[in-house]
There are 2 protein chains.
Amino acid sequence: MVEFEPDRFRWVQVADILRQRIADGTYGPKHLLSEVLLMQEFGVARGTLRKSMKLLRDEGLIYTVPNLGSFVTPRDQAAEQGDDSTE
Amino acid sequence: MVEFEPDRFRWVQVADILRQRIADGTYGPKHLLSEVLLMQEFGVARGTLRKSMKLLRDEGLIYTVPNLGSFVTPRDQAAEQGDDSTE
DNA sequence: CTTTATTTGTCCGTATGTATG
DNA sequence: ACATACATACGGACAAATAAA
């Protein structure tokens, strides 16, 4: 459960937590940011979470594929070159 | 087509109708409660119908098998012995 | 074994209504 | 009047499992 400060808007606090997780590396480039899971985790409504997601999307931290999900934007796409080939 | 009262939520009214049909015997133990068919019959969205189904499932009136369908919970499982349908 | 159809599970996008500050 | 926050309700789209041909 997440503690929310009454002074700051919830959707701002949620966005702040998500932003930190992205910077922290908790959410990798392939991590799915599901609205349903996140709204359950934070205990907020969908509209609230979507507002947070919109902020992160506006910042370029995540990108959303309609009917699929939202994912973390890779910081360096070129880094994929030197990586594997097993895929 | 089903008439919905504006005062009560649709998913509650749908659940009420389905509950009555189960008690009525319209839906037997082997009857498949298809989401697609029911949403077409009641003229509601899938999310609405799924909410009604969740309520009935929570009440124990129906059970849902993933990727298969939802069925009416037999009141008396032993009754299946002496009872057999033309199927 | 492959294909097709059916069904549930889950995802996002959108709009509306209600309550609160 | 306005923004926040929640719940309801609609729609479309994709994935996975099951059953049947």
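**Exercise 1. Find which helices supply the surface near DNA strand D.**

Helix H1 (10–24) and helix H3 (46–59) of chain A, with helix H1 (10–24) and helix H3 (46–59) of chain B, each supply at least two residues of the surface near DNA strand D. Helices here are DSSP runs (H or I, at least four residues), strands are E runs of at least two, and both are numbered from the N terminus. Near means that a heavy atom of the residue lies within 4 Å. H3(B) gives the most, with three residues.

This is a predicted model: local features need pLDDT of at least 70 and side-chain atom pairs pLDDT 80 or more, while totals for chains, interfaces and linings use all residues. Residues are numbered from 1 along each chain, chains are lettered from A and ligands numbered from 1 as written, and side-chain values use heavy atoms, without hydrogens and water.

**Exercise 2. Describe the contacts with DNA strand D.**

Step 1: take the residues. Of the 19 around the strand, Thr48(A), Arg10(B), Trp11(B), Thr48(B) and Lys51(B) come nearest. Step 2: take the DNA side. Sugar and phosphate make up 84% of the atoms of DNA strand D within 4 Å of the protein.

Step 3: list polar contacts (N or O pairs within 3.5 Å).
- A side-chain N or O atom of Arg10(B) is 2.4 Å from a phosphate oxygen.
- A polar side-chain atom of Trp11(B) is 3.3 Å from a phosphate oxygen.
- A polar side-chain atom of Asn67(B) is 2.5 Å from a sugar or linking oxygen.

**Exercise 3. Place Asn67(B) in its chain.**

Step 1: locate it. Asn67(B) sits in the loop between strand E2 (62–65) and strand E3 (69–72) of chain B. Step 2: check the backbone. Its phi is positive, near 65°. Most residues other than glycine have a negative phi. Step 3: check accessibility. Asn67(B) is exposed, with a relative accessible area of 85%. Exposed means over 50%, buried under 20% (1.4 Å probe, protein chains only).

**Exercise 4. Work out how helix H2 of chain B is oriented.**

Step 1: find the buried residues. In H2(B) (residues 35–42) they are Glu35(B), Leu38(B) and Phe42(B). Step 2: use the arc, taken from the directions from the helix axis to the C-beta atoms. They cover only 70°, so they lie on the same side of H2(B). Step 3: find the partners. The buried residues pack against H1, strand E1 (32–33) and H3 of chain B. Step 4: turn to the opposite face. Leu37(B) and Gln40(B) are exposed there.

Step 5: inspect the ends. A side-chain oxygen of Ser34(B) caps the N-terminal end, 3.4 Å from the backbone nitrogen of Val36(B). Just after H2(B), Gly43(B) takes a positive phi of about 70°.

Technical notes
A polar contact is a pair of N or O atoms within 3.5 Å; within protein, one must be able to donate a hydrogen and the other to accept it, and residues adjacent in sequence count only if both atoms are side-chain atoms. Contact means heavy atoms within 4.5 Å.
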